[in-house]
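Reader: I would like to go through this model with some questions. Please keep each answer short and end it on the value or name I ask for.

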Amino acid sequence: MRSFLPILCILVFTITVFGINQQSAYADVITVKSSSLDNSSILELKNNRGNDFNIDSVRIWLSQDNSFKSFKTENGWTGKFEVGGQVLVFSPQDSVKPGESVKFGLKTSEKNPLINWKALDNNGNVLQTA
């Protein structure tokens, strides 16, 4: 009876590790970096290599106690305010393909904002949100 206990523990551990690895393989298909200084922030979204989709639009919104003052996009992107200036919607001339990234400059009414975002494909399907 005692000799089976170490084998059972290894078997349970192996299954657990496999389960964790399997979940993480499907998470974070888009990597996001954000940096802030005072009321200015830069948000970078990277479509990770190995994906089979393109990013065709990005929606960005802030926490309730904050609002956008202005924004800047990369060349080939257009941006517009929606929902009374509370949401920014960005659209590219050319989609962001796997391995490519895009940056947005944001100026807000409050310092160090909580930034929410959503990336969509050309059919309007949500690819990832956070």
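Reader: Is K46 buried, partly exposed or exposed, and what is its relative accessible area?

Author: The model is a predicted one. K46 lies in strand 2. Buried would require under 20% and exposed over 50%. K46 falls in between and is therefore partly exposed, with a relative accessible area of 34%.

Reader: Which residues gather with K46 in a patch of positive charge on the surface?

Author: A patch takes residues with over 30% relative accessible area and no salt bridge. K46 has a relative accessible area of 34%. The residues that gather with K46 in the patch of positive charge are K33, R49 and K103.

Reader: Along strand 2, which side chains point to the face that is buried?

Author: The side chains of strand 2 alternate between two faces. S40, I42, E44 and K46 point to one face and are not buried. Those that point to the other face and are buried are S41, L43, L45 and N47.

Reader: How many bridges join strand 1 to strand 2, and which residue of strand 2 stands opposite S34?

Author: Strand 1 and strand 2 run antiparallel and are joined by eight bridges. They form a hairpin with two residues between them. In strand 2, the residue opposite S34 is L43.

Reader: Which residue in the turn of that hairpin has a positive phi, and what is the value?

Author: Most residues other than glycine have a negative phi. The loop between strand 1 (30-37) and strand 2 (40-47) holds D38, a residue that counts as partly exposed at 45% relative accessibility. The residue in the turn with a positive phi is D38, at about 55 degrees.

Reader: Where does N112 lie, and what is its phi?

Author: N112 is in the loop between strand 7 (101-108) and strand 8 (115-120). Its relative accessible area is 56%, over the 50% cut-off, so N112 is exposed. N112 is not a glycine, yet its phi is positive, about 45 degrees.

Reader: In which sense do strand 2 and strand 7 pair, and which residue of strand 7 stands opposite I42?

Author: Strand 2 and strand 7 pair over seven bridges, in the antiparallel sense. I42 is one of the residues of strand 2 that point to the face that is not buried. The residue of strand 7 opposite I42 is G105.

Reader: Strand 3 is joined to strand 8 and to strand 6; how many bridges are there in each case?

Author: Strand 3 runs antiparallel to strand 8, and I60 stands opposite W117 there. Strand 3 also runs antiparallel to strand 6 (residues 87-92), where the bridge partner of V58 is F90. The bridges number six to strand 8 and four to strand 6.

Reader: How far apart are N and O in the salt bridge between R59 and E82?

Author: Side chains of opposite charge can pair when their charged atoms come close. The side chains of R59 and E82 meet in such a salt bridge, at 3.4 Å from N to O. This pair links distant parts of the chain, with R59 in strand 3 (residues 57-62) and E82 in strand 5 (residues 77-82), 23 residues apart. The N to O value for the salt bridge is 3.4 Å.

Reader: Which residues are linked in the network of salt bridges?

Author: The structure holds two salt bridges. Besides the bridge between R59 and E82, K80 forms one with E82, with the closest N and O atoms 3.5 Å apart. R59 and E82 each count as partly exposed at 25% relative accessibility, and K80 is partly exposed at 47%. The residues in the network are R59, K80 and E82.

Reader: What is the distance in space between K69 and Q86?

Author: K69 is found in strand 4 (residues 68-73). At 56% relative accessibility, K69 counts as exposed. K69 and Q86 are 17 residues apart in sequence, and their C-alpha to C-alpha distance is 9.9 Å.

Reader: What pattern does the protein chain follow along the sequence?

Author: Buried residues make up 28% of the 130 residues in the protein chain. Its secondary structure comes to one helix and nine strands. Read along the sequence, the pattern is α-β-β-β-β-β-β-β-β-β.

Notes. Residues numbered from 1 in each chain as written. Predicted model: local features only at pLDDT ≥ 70, side-chain atom pairs only at ≥ 80, totals over all residues. Heavy atoms only, no water. Buried < 20%, exposed > 50% of the residue type's maximum accessible area, 1.4 Å probe, protein only. Patch = residues over 30% accessible without salt bridge, like charges linked within 9 Å, V, L, I, M, F, W, Y side chains within 5 Å. Areas by Shrake-Rupley, 256 points an atom, 1.4 Å probe, with all protein chains shown as cover. Salt bridge = Lys/Arg side-chain N within 4 Å of Asp/Glu carboxyl O. Lys, Arg positive; Asp, Glu negative; His and termini not counted. Charge placed at Lys NZ, Arg CZ, Asp CG, Glu CD. Pairing = 2+ DSSP bridges.
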